[in-house]
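User: I have a new model open and want to go through it with you. Short answers are fine.

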Amino acid sequence: MKTNTRELILQKAAHSFALSGYDGFSIRSLAEQIPITPSVMYHYFSDKDELLKVMFDSLNTALGKKRAALPKSPNAAEMLKQRIRFQIDNQEAIVAVLKYYLAYRKNFKKFKNGFVPDKSALHIEEVLQFGIETKEFSDINLEDDAKVITPAINGFLLEYYPHTPKGAEKDELVNRIYSFLIRALKGGGDT
């Protein structure tokens, strides 16, 4: 039973945090949504910061496993489209992770291009590396370009949330983002 309650708390915390961010998130409000008493929440997590850190780690682990399970793409261009779709399909979890970065920026190591953790752009670094290997992309700065492309995609997630594009709307959004990025990666040529 503890695992189920703990997992339910983490799921609801991700939803609530994605909607409201740090300032709008409270353990009392979350307990009311579940519904359980705040004392039960404190049985699992000592405070708001611990709960959010566990939520962040849990979401990152789950997203990594889902990404690793994606089918192998025939080329980097299709892999890019797959990753854009993946981001949209996992919008709420990614928005919660992004809002955690914003709220806890001081806890992350500062890199030459900001505070975004190295792993945050890994899914796009994989695409760019594959594109270099297949010679689809040239003149790529793997790490720096991935840290520009990733926030560009994530900006759409933040803009749309809590609305999650589906069907034709999602396909159109994926294709618009993909078309723009692939032109940039191929030096402005046709897609």
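## Phenylalanine 130 and its surroundings

User: What does phenylalanine 130 touch, not counting residues up to four places away in sequence?

Analyst: Phenylalanine 130 touches Lys72, Ser73, Pro74, Asn75, Ala76 and Met79, where a contact means heavy atoms within 4.5 Å. This is a predicted model, so to speak of local features a pLDDT of at least 70 is needed, side-chain atom pairs count only at pLDDT 80 or more, and totals for chains, interfaces and linings use all residues. Residues are numbered from 1 along each chain as its sequence is written, and side-chain values use heavy atoms, with hydrogens and water left out.

User: Where is the place of phenylalanine 130?

Analyst: In helix H7, which runs from 122 to 133. Helices here are DSSP runs of H or I with at least four residues, strands are runs of E with at least two, and both are numbered from the N terminus.

User: Is phenylalanine 130 buried or exposed?

Analyst: Phenylalanine 130 counts as buried because its relative accessibility is 16%. Buried is under 20% relative accessible area, exposed is over 50%, and partly exposed is in between, with a 1.4 Å probe and protein chains only.

User: How many Å apart in space are phenylalanine 130 and isoleucine 149?

Analyst: 15 Å, C-alpha to C-alpha, with their positions 19 residues apart in sequence.

User: Ser73 was in that list. Where does serine 73 sit?

Analyst: Serine 73 is in the loop between H4 and helix H5 (76-89). Serine 73 is buried because its relative accessible area is 11%. Leaving out residues up to four places away in sequence, serine 73 touches Glu78, Met79, Gln82 and Phe130. Met79 also appears among the contacts of phenylalanine 130.

User: What about glycine 131: buried or exposed?

Analyst: Buried, because glycine 131 has 0% relative accessibility. Glycine 131 is in helix H7 too. Beyond residues up to four places away, glycine 131 touches Ala76, Glu136 and Phe137. Ala76 is also on the list for phenylalanine 130.

User: How many Å separate the C-alpha atoms of glycine 131 and glycine 187?

Analyst: 13 Å, for two residues that are 56 apart along the chain.

User: What is the accessibility of leucine 122?

Analyst: Leucine 122 is in helix H7. With a relative accessibility of 34%, leucine 122 counts as partly exposed. Its C-alpha is 8.7 Å from that of glutamate 143, a residue 21 positions away in sequence.

User: Changing topic. Which residues does a cis peptide bond with omega of about -15° join?

Analyst: Isoleucine 34 and proline 35. Proline 35 is in the loop between helix H2 (27-33) and helix H3 (38-44).

User: And which peptide bond is cis with omega near 15°?

Analyst: The one from tyrosine 161 to proline 162. Proline 162 lies in the loop between helix H8 (142-160) and helix H9 (167-185).

User: Why look at cis bonds and positive phi values?

Analyst: Because most peptide bonds are trans, and most residues other than glycine have a negative phi.

User: What is phi for lysine 135?

Analyst: Near 65°, which is positive although the residue is not glycine. Lysine 135 is in the loop between H7 and H8. Lysine 135 is exposed because its relative accessible area is 72%.

User: And phi for aspartate 139?

Analyst: Near 55°, again positive in a residue other than glycine. Aspartate 139 lies in the loop between H7 and H8, and lysine 135 is in that loop as well. Aspartate 139 is exposed, with a relative accessible area of 80%.

User: Now the whole protein. How many helices and strands?

Analyst: Nine helices and zero strands. Along the sequence the pattern reads α-α-α-α-α-α-α-α-α. The C-alpha trace spans about 60 × 40 × 25 Å along its principal axes.

User: What percentage of the residues is buried?

Analyst: 42% of the 191 residues.

User: What share of the contacts joins residues at least 24 apart?

Analyst: 68%, taken among contacts between residues at least 6 apart in sequence.

User: Last one, charges. How many positive and negative side chains are there?

Analyst: There are 27 positive and 24 negative side chains, and the centres of the two sets lie 3 Å apart. Lys and Arg count as positive, Asp and Glu as negative, and His and the chain ends are not counted. Each charge is placed at NZ of Lys, CZ of Arg, CG of Asp or CD of Glu.
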